[in-house]
Amino acid sequence: MATLDRNLSRMKDSHKFQRCFVVGNGPSLNRMDLDKLKDDFVFCTNAFFLMFPRIRWRPQYYTCVDTRVLPDRAQDIIAMHKAHPEMVCFFPKQVIDHATKRVTPTEEIIPPALNRLYFNQQVPLRDNLPFSAFSLEAHNYVIQPYTVTVTALQLAYFLGFEPIYLIGCDTNYVVPNTVFKEGEETEHGKMFFTSTADDDSNHFSPDYFGKGRKWHNPQVANMIWHYQMAHEALSIAGRHIYNATVGGKLEVFPRIDFNELC
């Protein structure tokens, strides 16, 4: 889908009653024949472009919101989009450095271009659940996620996709001993990570968060909670999400065999 219109509201229900796949970046992708998705609508996230040499198709939609990953991978993202300008990319309007509290307009990191859209973002709240943690109105705002997959789900809902299938959402993290950790201590430990080796076992490639890459402490319990909020919100809205991941520990959604879908 290519458009010069950077107004997200005009994309509402543009894929009504069409299925899509939201692809996580877990190691389970290595156990799947991803070329089966060549005729499907696909959302990808973060550094999925590292998979491109191994597949014969390209996703129609891409998003990245993490305040460490987005600046760290900005040049890779720009290069990806230059090579595939038909892809529609979604970014938050601002990037907030949680260590320094500095706010940077995302357009200074990822400059405006054809098929790049920038959305408002709000923090998740727990006082009016599930909709204070999951937005059905992406043209107004998208809820900041504990995992970027929840951003993709909010956008997929807004575009009208039904049903939505998840793959590669292993939701299982082991932090290598080689990772450098910094920042203040929290209940989850230090929050800011920098890899010092290409030994990432949490994603489909060991260099995904490889040497020199910046990322956040993965808060798996909060990820599961946010998936649950997505499930509840979309159920109320009459939409369906299924987990077609091979294995993994995400049990919030009904499971379905990927090979039965494609």
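Me: Buried means under 20% relative accessible area, exposed means over 50%, and partly exposed lies in between (1.4 Å probe, protein chains only). Is Arg 56 buried or exposed?

Reply: Happy to start there: this is a predicted model, in which local features need pLDDT of at least 70 and side-chain atom pairs count only at pLDDT 80 or more, while totals for chains, interfaces and linings use all residues. Residues are numbered from 1 along each chain as its sequence is written, and side-chain values use heavy atoms, with hydrogens and water left out. Arg 56 has a relative accessibility of 68%, so Arg 56 counts as exposed.

Me: Which side chain meets that of Arg 56 in a salt bridge?

Reply: A salt bridge here is a side-chain nitrogen of Lys or Arg within 4 Å of a carboxyl oxygen of Asp or Glu. Arg 56 has such a partner at 3.3 Å, N to O, and the partner is Asp 35.

Me: How many residues apart in sequence are the parts that Arg 56 and Asp 35 tie together?

Reply: Helices (H or I, at least four residues) and strands (E, at least two) are DSSP runs, numbered from the N terminus. The side chains of Arg 56 and Asp 35 meet in a salt bridge. Arg 56 lies in the loop between β2 and β3 (61-63), and Asp 35 in the loop between β1 and β2, so the parts tied together are apart in sequence by 21 residues.

Me: Is Asp 35 buried or exposed?

Reply: Its partner Arg 56 is exposed. Asp 35 has a relative accessible area of 17%, and the limit for buried is under 20%. Asp 35 is therefore buried.

Me: Which residue forms a salt bridge with Asp 76?

Reply: Asp 76 is partly exposed, at 29% relative accessibility. Its partner is buried, with a relative accessible area of 6%. The closest N and O atoms are 2.8 Å apart, and the partner is Arg 73.

Me: Which residues do salt bridges with shared partners join into one network?

Reply: One salt bridge outside that network is between Glu 251 and Arg 255, with the closest N and O atoms 2.8 Å apart. The network itself consists of Asp 72, Arg 73, Asp 76 and Arg 213.

Me: How many residues has the largest nonpolar core?

Reply: A nonpolar core is a set of buried Ala, Val, Leu, Ile, Met, Phe, Trp, Tyr and Cys residues joined through side-chain atoms within 4.5 Å. In the largest one, the residues with the most contacts are Leu 29, Phe 48, Tyr 62, Phe 91 and Ile 167. The elements that give two or more residues include β1 (20-23), α2 (74-83) and β10 (164-167), and α2 gives the largest share, three residues. The size of this core is 40 residues.

Me: What is Leu 29 in contact with, leaving aside its neighbours within four places in sequence?

Reply: Contact means heavy atoms within 4.5 Å. Leu 29 is one of the residues with the most contacts inside the largest core. Its partners are Val 23, Gly 24, Leu 34, Phe 48, Met 51, Ile 167, Gly 168 and Phe 204.

Me: In β10, which residue is the bridge partner of Val 23?

Reply: Two strands pair if DSSP finds at least two bridges between them. β1 pairs in the parallel sense with β2 over three bridges and with β10 over four bridges. From β1, Cys 20 and Val 22 point one way while Phe 21 and Val 23 point the other way, and all are buried. Across in β10, Val 23 has as its bridge partner Ile 167.

Me: In what order do the three strands of the open sheet stand?

Reply: The pairing in this sheet is antiparallel. Its edge strands, each pairing on one side only, are β11 (180-186) and β13 (214-216). Strand β12 (residues 189-194) pairs with β13 over three bridges, and in β13 the bridge partner of Phe 193 is Trp 215. The order is β11-β12-β13.

Me: How many residues of α3 are buried?

Reply: The buried residues of α3 include Val 148, Gln 154 and Phe 158. After α3 comes Gly 160, with a positive phi near 95 degrees. The helix is mostly covered, and the count of buried residues is 11 of 11.
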